[in-house]
Amino acid sequence: MRTTAPEAAHTPPAWRRASILLPALLALIVLVYLPGLGGGYAFDDFPNIVDNVTLRVTTLNWADWLAAAFSSPASDLQRPLAMLSFAINHFLFGLDPWWMKAGNLLVHLLNTVLVFAVARRVIGLIAPQRDARLPAAWAAAAWALAPINLMAVLFVVQRMESLCHVFVFGGLLLYLIARERQRAGRGGSAPLVFALAGGIVAGLLAKESAVLLPLYAASAEIVLFGVRRAYGRIDRRIVALFVVLLLIPAVLGLAWLLPKMLAPALWATRDFTLAERLLTEARVVFDYLRWTLVPDPSQLGLYHDDYPISRGWLSPPTTLPAVLGIGALAAASLVLIRRRPLTALGLQWFLGAQLITATVIPLEIMFEHRNYFASLGVILVLVDLTLIAPSAVLWKRAGAGLAAGLLVLAAAATHLRAREWSDPLRFAASEAAKHPQSPRAQFALAHALTTLYLRAPESIPRERVLDALAHARAAPGGSILAEEATIVFAVRNGIAVDPQWWQQLRAKLARRAASAQDIAALGALTDCLVERLCKLPTDEMIASFTTALAHGPQANLLDVYGNYALNELGDTELALRLMQEAVVLAPREPQHRDNLVRLLIALGRYDEARREIAALRSSGRLGQNEQRAKKLEQRLEEAARPVG
C-alpha cells in the first residue's frame, strides 16, 4: 500500500515562497521602521495630541472618552475614530511618542496585509493564467517600504490617514470579492453596498480621504469587470450602485463646495490663489510620482512650505509641461485599459487619489502622506512593467532584477529616513539642511535648540540658538513664530530686544490674515506674560493684535486677545466683548464658550453664565461637552453660594 505524501509536499513552490514572504515582509517592515519609533513629536502632533488636554483620558468615564474622540482641531468632522485611538494610546502608555508611533506601525502592518490581498485579487483577475501571489507580495513590499509613505507611520498625527485606509483597502477588497462572487452567481448586490458604504462611513471617522473609495472601486469595476455581467451584458445594478454612491454625492459635493472655494476670503491666509494652486499641484503630482518611483532622501521631508508656487503657465517653466503631462497620464489610463489593464488601473488610482488634496480645496500645497493610496497605483504600474508584461526569459529576468533593485532601494531609503526621525534634534537639523528656505523647517530647528538650551544651558552655546532663530526669521513667507520665539528667548535670557523684531512681526501680520501658526505665536506671547515669565511692552502687543485683526475677526485670535485684555490690561469689558464675538464666530468650539462662562462667573453675571453653559451642553455631539458643562456648573454654584 502506497503512503500518500503530505499535502504540503505537493504545494507549488511559488505558493510556499509567497506564504513565507508575507510574514518575512512584516518583520522586515518592523526592522526598517524601528529606529524612527524613538523620535519625538512634530508639527501638527502638538495641537492634535500633545497640547490637547481633552485627549488625556485617565478614567473609564464615558463622557471623557466621548470628548476625547471629538477633540481634534484638524477638521469639522473631528475624525473621532482616530482621536479615540490616540486617547487609548494615552490611557495605556501616556504621551510617550514611542508607543504612539508603535500604534501607527501596527496600523501600517495591517494595511500591508490588505494591500497584498487587494493586489493578489487584481493581478489574479487580470492575469488568471499565472500565480498572483509572488507579484502581490512584491507589490505589498514595495508599497509598505516606499519612503513616500513614511510619514503615515512616523508622523504620529497621520494615523488619521493610515487608519482611514484600513477601511479603504478593506472596503475595496470586500468589493472585489463580492463582485467575483456575484459574477459567478453566488451573491447579490447587498455585499457590494456594504463594502463601499461601510468603508466610507467607517473611514470617514478617521479622515475624509475615505470618500474616494467609490472612485477606486469604480476604476476597478471598469478595468477588471467592464461593468458587465458574466455573460457580457451591461450590469444595470452596478451602474445604479455607482450612481448612488459616487455620481450623486460627487455632484452634490461639488455644488456645495465650489461656491465656498471661489470665495476670496477663504484664500486670505494663503500665499496663492485658486488658479495658482491648480497650476502648482500639477508639478506637485509629478514630484509625488518621481519620489515614488525613484525616492530621493535629500528631497523627501515633512516640510515642503518652500515649494515654489506656479504664478503662470510658464512660471516656473515646468508648469505647462506638468499640466500637459497630467492630461497625458489621464488619457493613457483610458487608452491602456484593454492592452495593459494593470497599468491603466494603477494610473487611475494614482490620479484619482489626488482629487481631494491636489485640486480646489485650499490645503497646504504638498504633504507626502497624501500618497498613502496613490503610491499603490504607481506600484501596480511597476508590477505590470517588471513582473507581468515581460514574456521572453531574458526580459523576465531583467524585470525581476529591476524589481528586486527597486525594493532594496526603497527599504534602504526608508530606513535612512527612519534614522533621521530617531531623535528630535537630529530630525530638525536634517529637515533644516534639506530645506534651507522652509520657514517651518528653520523654525523647527530653532525651537529644538531653544528647548535644549532652556533645559540644559551648558549643553549648547547661546550664539547657536540665536543664529538658528535668525535663520528662521529670514526664511521667506513664514509665520511670526520665529519672531515670537526670538523675543521670548531674549527676554528670558536677559538679552536686549531688537525693535526690528517687533516690526518684522507686525509686517508679517500685515501681509495676510493670521494663520493658525500666527495665532499660536500671539498666544505664546500672551501666556509668557500671564505666567509672569516675560515683561513685554503693552504698546507692541496691542499693535500686534490690532494689525492681525485688521484682516477681519477670527475666533481663535479674538479668544487670545480676550485673554490678554483680561489678564494683562485688566479690561474686563474688552475681554468680554472679544470672547462673546469668538463664541458667535465659532459656536461649536467648546473652549471659547468655556472661557466666556468663566469670565461671566467672575463678573457675577450668573444668569448669562447659565445660558452659555446650556448652549455649551447642547452644542456637543452625543454629550461630548457634558463633563465640561458640569465642571462649569459646579464653579458657578460655588461662586453664587451666599457667603456665611
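Q: What do buried, exposed and partly exposed mean here?
A: With a 1.4 Å probe and protein chains only, buried stands for under 20% relative accessible area and exposed for over 50%. The class in between is called partly exposed.

Happy to set the scene: this is a predicted model, where local features need pLDDT of at least 70, side-chain atom pairs count only at pLDDT 80 or more, and totals for chains, interfaces and linings use all residues. Residues are numbered from 1 along each chain as its sequence is written, and side-chain values use heavy atoms, with hydrogens and water left out.

Q: How many salt bridges does the count come to?
A: Side chains of opposite charge can pair when their charged atoms come close. A salt bridge here is a side-chain nitrogen of Lys or Arg within 4 Å of a carboxyl oxygen of Asp or Glu. By this rule the count is 26.

Q: Is Arg 506, which meets Glu 540 in a salt bridge, buried or partly exposed?
A: The N to O distance between the two side chains is 2.2 Å. Glu 540 counts as buried because its relative accessibility is 16%. Arg 506 has 22% relative accessibility, so the class for this residue is partly exposed.

Q: Which residue meets Arg 277 in a salt bridge?
A: Arg 277 is buried because its relative accessibility is 0%. The N to O distance in the pair is 3.6 Å. Its partner is Glu 281.

Q: Which residue shares a salt bridge with Arg 440?
A: Arg 440 and its partner are both buried. Their side chains meet at 2.6 Å, N to O, and the partner is Glu 364.
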